Amino acid sequence: VLIPSGVSPSYQNQAVNAFKCYYENFLGREKMNLAYQRARVTVRLPVVLSQDELRGIFTAVKNMKHRCILFLIYSSGLRVGESVNLNVNDVDSKRMLLHIRNGKGGKDRFTILSDQALNLLRDYYKQYRPKKYLFEGVHGGRYSVRSIQQMFTNAAARAGIKKRVSVHSLRHSFAT
């Protein structure tokens, strides 16, 4: 198998698998035992934001809806797709839980809701009065994932964060 130099480990493994699949499944040849050691895929640790960096991001966001979205993602460990799918009735203030419906893998789950996030949500609700989705777009309906990503990128830049971060970094920071 000739694999070009300077390619990623996952590309190398994919090329070997494609070669084996072609010969074994399409040409009907017997199973191949290649004398090839698979490339190791490097495992990188996620970027985690410090308390000061998080504070900087939240203060850089002036819009209440945007601050509420980002704070909820951080304080409850949400994925960005889960945050836009939240319904108004998914907030259980008595049990201090958020009901995540149809999350990753199509699974439902509950996650924590902090006192600070609940207070922020109450202020947000009084101001915006969402109908169905907790975070609705300008013309109603579900808020855009891309809008959240862009808003986070702008907030991180205004906060002076030089690390390579994304909205998912808030989830990593929650877990840490």
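**Figure 1. Strands β1 and β2 pair up in the antiparallel sense in this predicted model**. Strand β1 covers residues 91-92, and 2 bridges hold the pairing with β2. Look for Asp-92: its bridge partner in β2 is Leu-97. The hairpin of β1 and β2 has 4 residues between the strands, and in it Met-96 takes a positive phi near 60 degrees. This close-up also catches a salt bridge, where the side chains of Arg-95 and Asp-92 meet at 3.6 Å, N to O. Asp-92 counts as partly exposed because its relative accessible area is 23%, and buried would need a value under 20%.

**Figure 2. Three strands make an open sheet in the order β1-β2-β3**. The pairing in this sheet is antiparallel. Which strands sit at the edges? They are β1 and β3, each of which pairs on one side only. As a reminder, strands of a sheet pair through backbone hydrogen bonds, either parallel or antiparallel. Between β2 and β3 (residues 109-112) there are 4 bridges. To find your way along this pairing, start at Leu-98, whose bridge partner in β3 is Thr-111.

**Figure 3. Strand β2 is covered on both faces**. The strand takes in residues 97-100. On one side you'll find Leu-97 and His-99, both buried. Leu-98 and Ile-100 are on the other side, and they are buried too. Two of these residues already turned up as bridge partners: Leu-97 goes with Asp-92, and Leu-98 goes with Thr-111 of β3.

**Figure 4. Glu-82 and Arg-109 form a salt bridge**. Their closest N and O atoms are 2.6 Å apart. The pair links distant parts of the chain: Glu-82 belongs to helix α4 (residues 80-84), Arg-109 belongs to strand β3, and 27 residues separate them. Is Glu-82 buried or exposed? Glu-82 is buried, since its relative accessible area is 5%. Arg-109, on the other hand, is partly exposed at 27%. Bring Arg-79 into view as well, and you have a network of salt bridges linking Arg-79, Glu-82 and Arg-109. Searching the whole structure turns up 7 salt bridges.

**Figure 5. Lys-163 reaches Glu-53 in another salt bridge**. Here the closest N and O atoms are 3.0 Å apart. Why does this pair tie together parts that are 110 residues apart in sequence? Because Lys-163 lies in the loop between α6 (145-158) and α7, while Glu-53 lies in helix α2. Lys-163 has a relative accessible area of 37%, so this residue is partly exposed. In general, side chains of opposite charge can pair when their charged atoms come close.

**Figure 6. Val-48 touches both partners of that salt bridge**. Setting aside neighbours within four places in sequence, the contacts of Val-48 are Glu-53, Lys-163, His-172, Ser-173 and Thr-176. Val-48 itself is in the loop between α1 (9-26) and α2 (51-60). With 28% relative accessibility, Val-48 counts as partly exposed. Zoom out to Pro-4, which is 44 residues away along the chain, and the C-alpha atoms of Val-48 and Pro-4 turn out to be separated by 34 Å.

**Figure 7. Thr-42 is found in the loop between α1 and α2**. Is Thr-42 buried or exposed? Thr-42 counts as exposed because its relative accessibility is 52%, with the cut-off for exposed being over 50%. Ser-8 is 34 residues away along the chain, and the C-alpha atoms of Thr-42 and Ser-8 are separated by 9.6 Å.

**Figure 8. Helices α3 and α7 pack together**. Helix α3 runs over residues 64-76 and helix α7 over residues 168-175; their axes are 7 Å apart and meet at an angle of about 40 degrees. From α3, the contact uses Leu-70, Ile-73, Tyr-74, Ser-75 and Ser-76, and from α7 it uses Leu-170, Ser-173 and Phe-174. What is the mix of nonpolar, polar and charged residues in this contact? There are 5 nonpolar, 3 polar and no charged. Ser-173 also appears among the contacts of Val-48.

**Figure 9. A look at the cysteines Cys-21 and Cys-68**. The disulfide count for this model comes to 0. Cys-21 is partly exposed, given its 31% relative accessibility. Cys-68 counts as buried because its relative accessibility is 2%.

Key:
Residues are numbered from 1 along each chain as its sequence is written. This is a predicted model: local features need pLDDT of at least 70, side-chain atom pairs count only at pLDDT 80 or more; totals for chains, interfaces and linings use all residues. Side-chain values use heavy atoms; hydrogens and water are left out. Helices (H or I, at least four residues) and strands (E, at least two) are DSSP runs, numbered from the N terminus. Buried means under 20% relative accessible area, exposed over 50%, partly exposed in between (1.4 Å probe, protein chains only). Contact means heavy atoms within 4.5 Å. Two strands pair if DSSP finds at least two bridges between them. Axes are lines fitted to C-alpha atoms, for helices over the stretch in contact, and angles run from 0 to 180 degrees between N-to-C directions. Ala, Val, Leu, Ile, Met, Phe, Trp, Tyr, Cys and Pro count as nonpolar, Asp, Glu, Lys and Arg as charged, and the others, Gly among them, as polar. A salt bridge is a side-chain nitrogen of Lys or Arg within 4 Å of a carboxyl oxygen of Asp or Glu. A disulfide is a pair of cysteine sulfur atoms within 2.5 Å.
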